[in-house]
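Biologist: Please give me a close look at the packing in this model, one part at a time, and finish with any space left inside.

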Amino acid sequence: MLEAPAPPPRRPVRRRTSVTTREDRWVLLGCAISSALFTWFVMRLLLDSPGWLADLIVGYLLFLVMQYLVFRDRAGRLAATDRLVTTVVFTGMLGLLIPLLFLLSYIVVRGAPNLRLNFFAEDSATVSPVDPATAGGGLHAITGTLEQTALALLLVVPLGLLTAIFLNETRSRFRKPVRIFVDAMSGLPSVIAGLFIYAALVIPGALSGSSLFNYNGLMASFALSIVMLPTVTRTVDVVLRLVPDGLREASLALGASRARTVWSVVLPTARTGVTTAIILGIARVVGETAPLLFTSFGATVLNANPFAGTQESLPLFVYRNIQQPVESMQDRGYVGALVLIIVIFLLFALARLAGRGRTKRRARRTRRQERT
């Protein structure tokens with residue numbers, strides 16, 4: 001008898017790598033369950049597991065191998081590779097997001113119960129260690145943080161923009177040394193910036209009896225500016241590189257000078273990126289504590305003049321209260337940490353609103369006029 005011919009080998013179904021079906025989700029779930037059970041059987045029953053971290057690593061690697069083999073059999077090597085990389089990237093995102101959410105939730109849980117409106121209207125001049133966490137406030141710290149950050153921005157934004165323009169829009173032979181210097185400053189510890197201002201300005205000013213070059217908010221702004229300047233400069237530098245050269249050439253072809261081209265064409269095109277640079281600069285320095293210990297020194301009373309007298313800030317407020325052995329003062333420190341996060345979010349929101357493009361505003365205005 002003649003035997004029936006063998007069926008041709010099954011070929012994997014070709015489809016777009018970005019498509020995810022219901023069967024793919026069930027496959028991922030099956031691979032996860034299988035890898036977990038196999039890891040438990042090998043690490044807990046056959047071997048003496050060193051701990052849950054080793055089990056997690058082995059199970060995760062086994063899950064990746066199972067997933068790749070199954071998807072390669074079902075959809076081909078390209079889809080399997082794409083799914084593997086997607087899983088690794090998603091896992092990395094979770095690895096960063098989960099600790100961040102845990103930190104934020106912990107601060108909210110510890111600080112929200114003791115947060116009162118008087119925290120935004122009073123200072124800590126009359127607060128003693130035996131008072132509850134709701135006594136007093138942090139108006140002096142909020143004022144100091146806002147003033148010091150604003151002064152640092154007034155110093156850094158023009159210098160950062162000019163430096164980035166020099167690095168991108170000129171052909172000077174000093175560009176390479178300046179770029180190396182900016183990159184080197186990016187790794188400068190913040191405490192070194194505080195020590196530099198302390199040794200160069202605070203100590204000579206204190207010996208001479210000067211009130212300007214002494215412990216105050218201005219010296220803190222100088223230290224924060226040293227920390228912020230490389231971040232803003234490098235970010236604006238990258239953003240200006242992304243501006244198409246065709247825009248510059250068109251402006252120059254119409255007879256505009258190079259300075260006019262930079263001011264009227266390059267900077268408006270990179271406005272969103274410049275706003276991002278400012279946000280990154282704020283995020284870099286608004287939570288710094290070490291430079292402030294040597295410059296503003298801190299205080300328990302409100303000092304709205306950053307040019308004379310010691311001045312408190314929210315990072316110093318949190319630092320001084322958290323390290324105290326009294327639980328009420330520690331809770332007050334968590335309240336300050338929560339308010340610091342709120343202030344950062346508000347500053348980010350204001351920066352985003354200020355950096356919105358004119359095109360979007362005109363489009364919205366046009367839509368409103370059409371509706372009316």
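Modeller: An axis here is a line fitted to C-alpha atoms, for a helix over the stretch in contact, and angles run from 0 to 180 degrees between N-to-C directions. The model is predicted, and every value below is computed from it.

Start with helix 5 (residues 175-186) and helix 7 (residues 217-241), whose axes lie 8 Å apart at an angle of about 130°. Angles over 145 degrees count as roughly antiparallel and those from 65 to 115 as roughly perpendicular; helix 5 and helix 7 are therefore oblique to each other. Their crossing is left-handed. On the helix 5 side the contact uses Arg179, Val182, Asp183, Met185 and Ser186, and on the helix 7 side Ile226, Pro230, Thr233, Arg234, Asp237 and Arg241. By class that gives five charged, four nonpolar and two polar residues. The charged ones are Arg179 and Asp183 from helix 5, with Arg234, Asp237 and Arg241 from helix 7.

Next come helix 4 (residues 139-169) and helix 10 (residues 271-285), with axes that come within 11 Å and cross at roughly 135°. This pair is therefore oblique as well, but helix 4 passes helix 10 in a right-handed crossing. Helix 4 supplies Thr149, Leu153, Val157 and Leu161 to the contact, and helix 10 supplies Val274, Ile278 and Ile282. Six of these residues are nonpolar, one is polar and none is charged. The polar one is Thr149.

Helix 2 (residues 52-75) and helix 3 (residues 77-111) have axes 7 Å apart and pack at about 150°. That angle makes helix 2 roughly antiparallel to helix 3. The crossing of helix 2 with helix 3 is right-handed. Helix 2 takes part through Tyr60, Phe63, Leu64, Gln67, Tyr68, Phe71, Arg72 and Ala75, while helix 3 brings Arg77, Ala79, Ala80, Thr81, Arg83, Leu84, Thr87, Val88 and Thr91. The contact of helix 2 with helix 3 counts 10 nonpolar, four polar and three charged residues. Arg72, Arg77 and Arg83 are the charged ones.

Now for the space left inside. Three cavities of 30 Å³ or more turn up when the whole structure is searched. The largest cavity holds about 40 Å³. Its lining consists of Thr145, Gln148, Thr149, Leu224, Val285, Val286, Glu288, Leu292, Ser313 and Pro315. Helix 4 gives the most to that lining, with three residues. One of the lining residues, Thr149, also belongs to the contact of helix 4 with helix 10. The lining divides into five nonpolar, four polar and one charged residues. Glu288 is the charged one.

Conventions: Residues numbered from 1 in each chain as written. Predicted model: local features only at pLDDT ≥ 70, side-chain atom pairs only at ≥ 80, totals over all residues. Heavy atoms only, no water. Helix = DSSP H or I, 4+ residues; strand = E, 2+ residues; numbered from the N terminus. Parallel < 35°, antiparallel > 145°, perpendicular 65-115°, else oblique. Left-handed = near helix turned anticlockwise from the far one by under 90°. Contact = heavy atoms within 4.5 Å. 1 Å grid on protein atoms, 1.4 Å probe; cavity = no way out; pocket = protein on both sides within 12 Å on 5 of 7 lines; lining within 4 Å. Points joined across faces, edges and corners; volume = space filled by probe spheres on them.
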